[in-house]
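Please open the model in a viewer and keep the sequence panel visible. The tour below proceeds by selection, with a short account of what is found at each stop.

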Amino acid sequence: MTIKVLKVSGTSNVNAVAEAIIRNALNDSIVHIDSIGIKAAYTAIKALIHTTDFLVQEGHRINLRPYYVTVNTSENGMQPVTKTAIRWTLIAKKN
């Protein structure tokens with residue numbers, strides 16, 4: 001199994017994020033979805049709703065868990081800034 005980390009921003013397209021999650025989950029991957037901020041978290045949750053609905057309809061079992069992680073971000077070429085992100089970990093297995 002491979003691990004794929006997807007970073008979601010507040011301006012990310014919900015359908016594009018959902019498609020990326022589905023594509024990686026179906027390729028026998030563990031998918032981490034990271035979001036920092038309210039808009040990004042809302043976008044990630046909407047994409048996860050689309051994703052889980054699709055995967056369940058296709059006969060997959062879903063394991064989905066949210067938790068906090070610390071990430072280093074670099075803003076405008078400045079020093080890295082440590083922030084707290086919400087990380088959703090999704091694992092999908094075919095029934």
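**A loop as the starting point**

Select Asp-28, which sits in the loop that joins H1 and E2. The coordinates belong to a predicted model, and every value quoted in this tour is to be read accordingly. Display the backbone torsions of Asp-28: its phi is near 60 degrees, which is a positive value in a residue other than glycine. Is the residue buried, partly exposed or exposed? Asp-28 counts as partly exposed because its relative accessibility is 45%, and the partly exposed class lies between the limits of 20% and 50%.

**Helix H1 and its cap**

Step back along the chain from Asp-28, whose positive phi comes just after H1, and select residues 14-26. This is helix H1, made of 13 residues. From its first C-alpha to its last, H1 reaches 18 Å, close to the 18 Å expected at 1.5 Å a residue.

Next, add Asn-13 to the selection. This residue caps the N-terminal end of H1. A distance label can be placed between a side-chain oxygen of Asn-13 and the backbone nitrogen of Asn-15, and it should read 2.8 Å.

Now colour H1 by accessibility. Which of its residues are buried? They are Val-14, Val-17, Ala-18, Ala-20, Ile-21, Ile-22, Asn-24 and Ala-25. To see what lies over them, show the neighbouring elements: the cover of the buried residues of H1 includes strands E1 and E2, helix H2 (38-57) and strand E4 (80-94).

One of these buried positions deserves its own selection. Asn-24 lies in helix H1, and it counts as buried because its relative accessibility is 13%, with the limit set at under 20%. Leaving aside residues up to four places away in sequence, Asn-24 touches Lys-4, Leu-6, Ser-29 and Val-31.

**Helix H2: a buried and an exposed residue**

Move to helix H2 and select Thr-52, which is found there. Thr-52 has a relative accessible area of 19%, and therefore it is buried. Beyond residues up to four places away in sequence, Thr-52 makes contact with Ile-62, Leu-64 and Leu-90.

Then select Lys-39, also found in helix H2. Lys-39 counts as exposed because its relative accessibility is 65%. Draw a line from its C-alpha to that of Leu-64: the two residues are 25 apart along the chain, and their C-alpha atoms are separated by 20 Å.

**Strand E3 at Asn-63**

Select Asn-63, whose place is in strand E3. With a relative accessible area of 46%, Asn-63 is partly exposed. Which residues does Asn-63 touch, not counting those up to four places away in sequence? They are Thr-89, Leu-90 and Ile-91. For Asn-63 and Thr-89, which are 26 residues apart along the chain, the C-alpha atoms are separated by 7.8 Å.

**The largest pocket**

Finally, display the molecular surface. Rolling a probe the size of a water molecule over the atoms shows where empty space is left. The largest pocket holds about 230 Å³ of space. Its lining consists of 13 residues, and those nearest its centre are Lys-7, Val-8, Ile-36, Val-71 and Thr-73.

Colour the lining by element. Strands E1 (2-8), E2 (29-35) and E3 (60-74) each contribute at least two residues. The largest share, three residues, comes from E3. Colouring the lining of the largest pocket by class instead gives four nonpolar, five polar and four charged residues.

End the tour at Lys-7, which is among the residues nearest the centre of the pocket and lies in strand E1. Lys-7 is exposed, with a relative accessible area of 74%. A last C-alpha to C-alpha line, from Lys-7 to Val-81, spans 16 Å between residues 74 apart along the chain.

Definitions and conventions:
Residues numbered from 1 in each chain as written. Predicted model: local features only at pLDDT ≥ 70, side-chain atom pairs only at ≥ 80, totals over all residues. Heavy atoms only, no water. 1 Å grid on protein atoms, 1.4 Å probe; cavity = no way out; pocket = protein on both sides within 12 Å on 5 of 7 lines; lining within 4 Å. Points joined across faces, edges and corners; volume = space filled by probe spheres on them. Helix = DSSP H or I, 4+ residues; strand = E, 2+ residues; numbered from the N terminus. Nonpolar A, V, L, I, M, F, W, Y, C, P; charged D, E, K, R; others polar. Buried < 20%, exposed > 50% of the residue type's maximum accessible area, 1.4 Å probe, protein only. Contact = heavy atoms within 4.5 Å. Expected span 1.5 Å × (residues − 1). Polar contact = N/O pair within 3.5 Å; in protein donor to acceptor, adjacent residues only side chain to side chain.
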